[in-house]
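User: Hey, got a minute to go through this one with me? I'll throw some quick questions at you.

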Amino acid sequence: MTRRHPWGLLLGLGGLCLLSLGISLTSGSVSLEAARVWDALWHPDANLASQLVWELRLPRSLAALTTGALLALAGCLMQVLVRNPLADPYILGISGGASVAALLAMLAGVSGHLLTGSAFVGALVAMLLVFVLSRGQGQWNSNRLLLTGVVLAAGWGAAIGFILNLSPDSSLQRMMFWLMGDLGFARASALPSIVLLVGLLASLLLARQLNVLTRGELVAGSLGIRTETLHLTIYVIASLLTATAVTQAGSIGFVGLVVPHLIRLLGYHDHRVLLPAAALLGASLLLLADTVARTLLAPQQLPVGILTAFIGVPLFLYLLYRGARQ
Amino acid sequence: MKLQLDQLQLRRGRRILSQPFDLNIGDGQCWGILGSNGSGKTTLLHTLAGLHHDYLGQIRLDDQDIHRIARKQFARQVGLLLQTNEEAFPGTALETVLTGRHPHLKAWQWESGQDLALAREALQQVDLSGFEQRNLLTLSGGERRRLYIATLLAQQPQLYLLDEPANHLDLRHQHQLLGLLQQLCITQNKTVIMVLHDPNLAARYCDHVLLLHEDGNVEGGPAEELMTAERLSRLYGYLIREVIDEQQRLFVAV
């Protein structure tokens with residue numbers, strides 16, 4: 001909408017996604033040349049390269065891409081919803097609910113689809129709880145929502161600590177990985193991608209309303225927006241995106257908080273650009289982080305949440321510093 | 001456009017701010033709302049803008065209850081300048097002004113060249129040409145105030161509601177702005193209702209005034225008639241004297 005046409009940015013970020021995908025597919029305990037990966041992609045057969053690509057690296061890479069995009073998108077929406085730059089997808093305790101349910105499931109010895117299923121149910125319970133408790137006298141109020149969510153998140157945190165204390169040592173490491181976020185659990189499923197696409201389209205339709213909403217509730221009201229309905233819609237979309245991401249990969253930190261700010265620091269505040277750009281950048285950032293997480297100390301794997309912070313912190317500080325100088 | 005208030009009684013939570021009053025406002029009129037702090041000036045503006053449901057009586061715009069008009073259609077007719085704004089994620093001046101075009105656009109529509117031209121013209125009207133790409137954070141209080149007025153101009157409503165538009169503005173910009181609003185009424189037949197703290201600005205630029213007294217009594221009518229030193233003294237609970245020279249009449253606090 002301003003003089004800078006956003007297509008260049010979106011194309012560039014799309015290219016970054018492809019580049020990250022290339023790096024991810026070629027690196028690992030067995031390093032494959034690009035040509036062999038390319039060959040394996042188009043002519044799947046029974047040899048090792050083909051199996052590595054199709055059964056291990058590609059599903060995990062796609063899971064990283066969707067999870068990163070889900071988190072960045074949810075982060076953008078949560079920041080607008082609670083009008084706070086410190087907000088991230090987990091601020092209202094949705095990941096807390098998911099974690100408690102997932103840990104309980106692990107304690108009960110459950111794994112596979114039942115584990116992801118219970119995490120998703122936990123996220124939905126947390127989402128409903130925040131919604132019901134923050135309504136109060138019927139009036140929506142972003143401050144009240146934020147406080148309710150933060151307090152409930154603290155409650156979930158205590159519950160997580162309690163469960164960890166009860167758990168036998170044998171399951172602790174698996175639990176810690178889940179809590180720090182780990183894509184090793186992710187399994188091939190089309191569902192997260194569908195949620196991502198629907199969420200992205202829905203929020204793009206709301207994007208201009210989001211632009212107005214950042215200017216304040218009264219401004220939005222005076223410009224013809226039904227703010228109560230808009231708040232509720234953002235809340236539902238952001239929560240479902242978060243629930244899907246957490247179910248897929250645990251609570252991966254940093255992506256949802258920092259990626260929206262990175263795009264803003266590049267000078268894009270219009271949500272019609274910000275939302276898709278954040279989704280693309282979140283996708284590549286998480287995929288790169290995951291690739292490093294599984295190769296840096298191979299064969300040992302690191303929780304990806306550590307790497308998102310290692311990559312994100314200097315990137316963010318650099319842009320912040322650059323912005324301050326301009 | 002015709003704005004009718006029937007037995008309107010302003011409320012804020014449980015507090016009753018005014019006695020019931022009637023008022024008819026038509027095209028081309030420029031109203032000034034005067035009253036002491038807490039007398040309900042802002043509440044009145046917000047109520048007229050459809051942001052409060054908590055009032056008694058009826059407000060009709062062209063014979064239709066304002067809450068029965070679709071919000072977006074209403075926003076094409078009625079625009080509001082708030083007393084203060086809080087931006088969560090401040091963007092550039094041009095991006096901010098373009099939000100004023102929101103009610104004129106469909107959900108998936110992008111701003112056209114014409115919207116852009118209107119936004120630039122609005123910036124120019126408030127003396128902010130060349131500020132297009134400046135971030136809001138880099139603007140001074142008065143510049144920001146003018147930017148919000150430009151946003152309202154870009155909205156192009158028929159009825160302008162302004163809460164203390166002269167706030168933060170230097171003397172020249174105060175008069176430029178109020179002159180601009182007066183011109184909107186005279187040349188484009190728009191209607192302006194604004195809260196003012198300076199009775200002299202009201203006397204000079206408004207043809208009608210609405211006085212919100214502390215006891216809940218509301219008086220509305222032609223400025224010439226209602227603006228007297230005696231009445232203003234009562235309104236503000238402070239002695240005010242009228243000074244007349246050859247050019248204009250002035251109200252001075254004693």
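Analyst: Sure, this is a predicted model, and we can go from the chain contact to a helix and then a hairpin.

User: How many residues does each chain put into the contact?

Analyst: Chain A gives 22 residues and chain B gives 27 residues.

User: And which elements give two or more residues to chain A's side?

Analyst: Those are α9 (207-213) and α10 (217-222) of chain A. The largest share comes from α10(A), with 4 residues.

User: How do the residues on that side divide into nonpolar, polar and charged?

Analyst: On the side of chain A that touches chain B, there are 8 nonpolar, 8 polar and 6 charged residues.

User: Switching to α5 of chain A. How far does it reach from first C-alpha to last?

Analyst: Helix α5(A) covers residues 113-135, which is 23 residues, and spans 33 Å, close to the 33 Å expected at 1.5 Å a residue.

User: Which of its residues are buried?

Analyst: Among them are A:Phe120, A:Met127 and A:Val130, and the small ones A:Gly122 and A:Ala123 are on the list too.

User: What covers them?

Analyst: The cover for the buried residues of α5(A) includes α4 (94-107), α6 (142-166) and α11 (227-249), from chain A as well.

User: Now chain B. In which sense do β12 and β13 pair?

Analyst: Antiparallel, over 5 bridges, with β12(B) at residues 240-244 and β13(B) at 249-253. A hairpin of 4 residues joins β12(B) to β13(B).

User: What's the bridge partner of B:Ile240?

Analyst: B:Ala253, in β13(B).

Notes:
Residues numbered from 1 in each chain as written. Chains lettered and ligands numbered in written order. Predicted model: local features only at pLDDT ≥ 70, side-chain atom pairs only at ≥ 80, totals over all residues. Contact = placed C-beta atoms within 7 Å. Nonpolar A, V, L, I, M, F, W, Y, C, P; charged D, E, K, R; others polar. Expected span 1.5 Å × (residues − 1). Buried ≥ 20, exposed ≤ 12 C-beta atoms within 10 Å, placed from the backbone. Pairing = 2+ DSSP bridges.
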